[in-house]
Amino acid sequence: ADDEAEDTEATEDAEDTAAAEDAEDLADGDDGEESGSRRRRRRGGRRRRRGEAAEHGDEEPEESGELAAAQAAQDAEDTAEQVEEDAEDASEESDEGEEHAGAAGGNSSSRRRRRRRRRAGDGGQDGEPSADDPERTVVKVREPRGKKDERPGGGTDEVQSIKGSTRLEAKKQRRREGREQGRRRVPIITEAEFLARREAVERVMVVRQNGDRTQIGVLEDDVLVEHYVNKEQAVSYVGNVYLGKVQNVLPSMEAAFIDIGKGRNAVLYAGEVNFEALGMGNGPRRIESALKSGQSVLVQVTKDPIGHKGARLTSQVSLPGRYLVYVPEGSMTGISRKLPDTERARLKTILKKIVPDDAGVIVRTAAEGASEEELRRDVERLQAQWEDIRKKAKNGNSSAPTLLYGEPDMTVRVVRDIFNEDFSKVIVSGDEAWETIHGYVAHVAPDLAPRLSRWTSEVDVFATYRIDEQLAKALDRKVWLPSGGSLVIDRTEAMVVVDVNTGKFTGQGGNLEETVTRNNLEAAEEIVRQLRLRDLGGIIVIDFIDMVLESNRDLVLRRLLECLGRDRTKHQVAEVTSLGLVQMTRKRVGQGLLESFSETCVHCNGRGVIVHMEQPTAAGGGGKRRKRARAGAEQPHEHETTAVQAAVPTAEEEAEAEADVVVEAQAEPVEVPAFELSPDEELYSSVAEAEAAASRGRG
């Protein structure tokens with residue numbers, strides 16, 4: 001009984017203690033709210049007094065002294081209250097149990113945050129954690145939001161700018177986005193994959209020289225995939241090194257216009273300026289501080305003039321050789337990822353011995369199997385070439401603009417860049433072309449000389465390999481696929497658009513999804529071939545036929561990437577958009593196939609249509625032949641003319657057609673019964689509709 005009584009008393013004491021603690025907590029909360037309201041009133045009064053002091057700053061100094069004294073007293077009172085609150089918080093945290101520890105810590109931390117914001121708003125610099133904060137506490141004081149720039153959507157009405165170069169920032173963003181999307185470099189292939197890829201396709205190069213024009217075609221399994229043409233009136237400047245003169249620097253465009261002696265000024269962007277060579281590697285990279293008008297600068301052409309755009313330049317010079325590209329004043333060494341891993345390791349060991357410390361190199365795919373002596377000879381030759389360029393640049397400052405180094409002929413350039421072990425043979429037609437190619441290959445790659453063969457037949461070599469026929473098809477807007485589908489390729493100012501259609505392809509069993517996927521797989525291979533053959537560049541958007549299954553979409557995209565692996569030109573495939581469009585970019589260096597064989601129509605300026613502001617009036621009806629003749633008589637229209645032979649009507653056929661039109665126009669009309677309009681008949685909007693109704697009435 002005594003034990004039960006003791007337990008009862010202990011329980012009652014605990015309940016009384018808990019009730020008392022709850023009452024104290026409530027009282028503390030009420031006191032805290034009251035004290036907080038008093039502080040808010042006092043702060044408001046202080047701010048008002050500050051505002052009044054700022055507005056009446058020209059009043060007597062006695063009033064300002066009184067305000068300063070009152071403000072100091074108020075600050076002292078606030079400080080004392082804050083010290084008391086901190087002591088109360090510390091005592092409360094020590095007295096409370098485990099259940100109330102989290103709530104008390106949250107309240108005290110919120111009060112501390114409010115005090116920090118208050119002090120930061122009053123001009124304090126308190127961003128450090130206080131002594132009563134837990135360990136490893138990071139204090140971040142949020143900046144007050146600007147009133148003028150606030151918008152409901154979170155944006156601003158003001159145009160924002162960035163620090164430094166916009167073009168350099170754009171490069172960083174592209175790299176960052178690539179890492180976020182999971183895009184990585186092309187994986188290094190094994191030696192077995194490298195040999196399998198080489199044996200899978202038979203490559204043949206065909207060269208034809210006819211007068212001042214030289215054409216080179218690259219065939220893969222007897223299918224034309226690349227074409228190069230060189231004309232005297234259209235010489236490429238890519239790779240040439242000039243000592244140019246700065247004409248104008250535009251800081252807002254982050255670009256400079258350089259005169260290289262070609263009539264039209266070329267453009268040098270800030271991202272292509274070699275600031276280290278100009279002694280500005282550690283300073284701000286601003287093009288206006290690096291280049292001034294009238295200054296001589298060493299530049300290299302990276303892109304030919306296209307349309308109304310001038311040539312693109314870079315001050316980071318690179319000199320291409322047979323096995324590698326020499327980069328003076330560079331520090332990076334790269335090896336083609338198309339080579340197998342064992343070959344890359346061998347070349348890396350050789351490069352450590354032969355490459356100078358003040359230069360970098362990029363090893364080509366053609367360096368596969370090259371000996372150390374061949375690579376050393378290539379490096380020494382390019383190094384001597386660079387020293388010659390530097391000497392000319394120092395001596396020719398007064399004669400700028402001038403050419404310091406010119407790339408060789410297109411024939412030698414193509415053979416140097418792409419002719420390697422992958423080609424089974426090179427067929428050359430033309431005496432001058434044969435001497436040039438044979439002499440170059442015998443000098444730089446004597447092991448490949450047996451693969452050269454001279455064409456001596458009377459039959460045209462392009463006709464034998466059906467290259468002209470494939471070129472004529474590549475100049476059309478529409479391309480037919482072997483199974484019956486089709487591609488429609490359109491070039492606009494902004495991008496190249498490719499549309500995939502099923503056409504005559506109806507499938508062989510299965511359902512619609514299978515039929516569409518097979519058509520898209522075939523289209524992916526042909527699209528890559530057309531991009532290489534037509535040399536299309538810039539932004540390319542491909543509209544495949546919609547597929548339902550995600551696996552089929554991945555299959556088509558994977559097939560596209562596999563076919564692009566044979567493309568030498570730099571390219572990048574982006575993600576598929578929400579509308580099912582495949583976005584990709586391909587580097588544009590020179591003019592494409594269509595520009596090489598055509599000229600813009602002088603009547604429609606390349607639009608393909610002639611605009612009539614007034615609708616032409618027709619005197620009478622007639623068939624299609626009469627309408628075409630009348631339209632041709634009103635406005636002669638000659639569209640783009642191609643150098644490839646096409647099916648055009650002969651002079652006799654044209655005369656015959658004109659005679660038919662004249663006879664038809666002079667024929668007497670057949671007598672028909674008089675046709676009168678009744679008052680209740682409807683009126684027609686044109687003569688053609690009236691004649692059509694009349695003919696129905698005669699029938």
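Welcome to the tour. Start with the whole protein chain, whose secondary structure comes to 18 helices and 21 strands; helices (H or I, at least four residues) and strands (E, at least two) are DSSP runs, numbered from the N terminus. This is a predicted model, in which local features need pLDDT of at least 70 and side-chain atom pairs count only at pLDDT 80 or more, while totals for chains, interfaces and linings use all residues. Residues are numbered from 1 along each chain as its sequence is written, and side-chain values use heavy atoms, with hydrogens and water left out.

**Stop 1: colour by confidence**

Colour the chain by pLDDT, the predictor's confidence in each residue, from 0 to 100. The mean for the protein chain is 75, and 63% of its residues reach 70 or more. Which element has the highest mean pLDDT, and which the lowest? Strand β18 has the highest, at 95, and helix α16 (residues 624-634) the lowest, at 46.

Now select residues 1-11: pLDDT is below 50 here, and the stretch has zero contacts beyond near neighbours in sequence. Contact means heavy atoms within 4.5 Å. Then pick residues 621-634, where pLDDT also stays under 50 and the model has nine contacts beyond four places in sequence. Where pLDDT is low, the predicted coordinates should not be read in detail.

**Stop 2: the whole fold**

Show the surface of the chain. Of its 699 residues, 31% count as buried, meaning under 20% relative accessible area, with exposed over 50% and partly exposed in between (1.4 Å probe, protein chains only). Among contacts between residues at least 6 apart in sequence, 65% join residues at least 24 apart.

**Stop 3: a run of paired strands**

Select β16 (residues 478-480) and β17 (residues 486-491), which run antiparallel and are joined by three bridges. Two strands pair if DSSP finds at least two bridges between them. Lys478 stands opposite Val488 in β17. The two strands form a hairpin with five residues between them, and Gly484 in the turn has a positive phi of about 120°.

Add β18 (residues 495-501). A hairpin of three residues links β17 to β18, and six bridges join these antiparallel strands. Look for Leu487 opposite Val500 in β18.

How does β18 run relative to β19 (residues 538-543), parallel or antiparallel? They run parallel, with five bridges between them, and Val496 stands opposite Ile540 in β19. Finally, add β21 (residues 581-586), which runs antiparallel to β19 and is joined to β19 by six bridges. There, Ile542 has Val582 in β21 as its bridge partner.

**Stop 4: two crossing helices**

Next, select α12 (467-474) and α13 (residues 512-534). Their axes come within 11 Å and cross at roughly 100°; axes are lines fitted to C-alpha atoms, for helices over the stretch in contact, and angles run from 0 to 180 degrees between N-to-C directions. The helices are therefore roughly perpendicular to each other, the word used for 65 to 115 degrees.

Show the side chains of Gln470, Leu471, Lys473 and Ala474 in α12, which meet Arg529, Gln530, Leu533 and Arg534 in α13.

**Stop 5: two unusual backbone angles**

Most residues other than glycine have a negative phi. Just before α12, pick Arg466 in the loop between α11 (461-464) and α12: its phi is positive, about 55°, although it is not a glycine. End at Asp221, in the loop between β2 (213-220) and β3 (223-230). Asp221 also has a positive phi of about 55° without being a glycine, and it is partly exposed, with a relative accessible area of 44%.

Technical notes:
Parallel < 35°, antiparallel > 145°, perpendicular 65-115°, else oblique.
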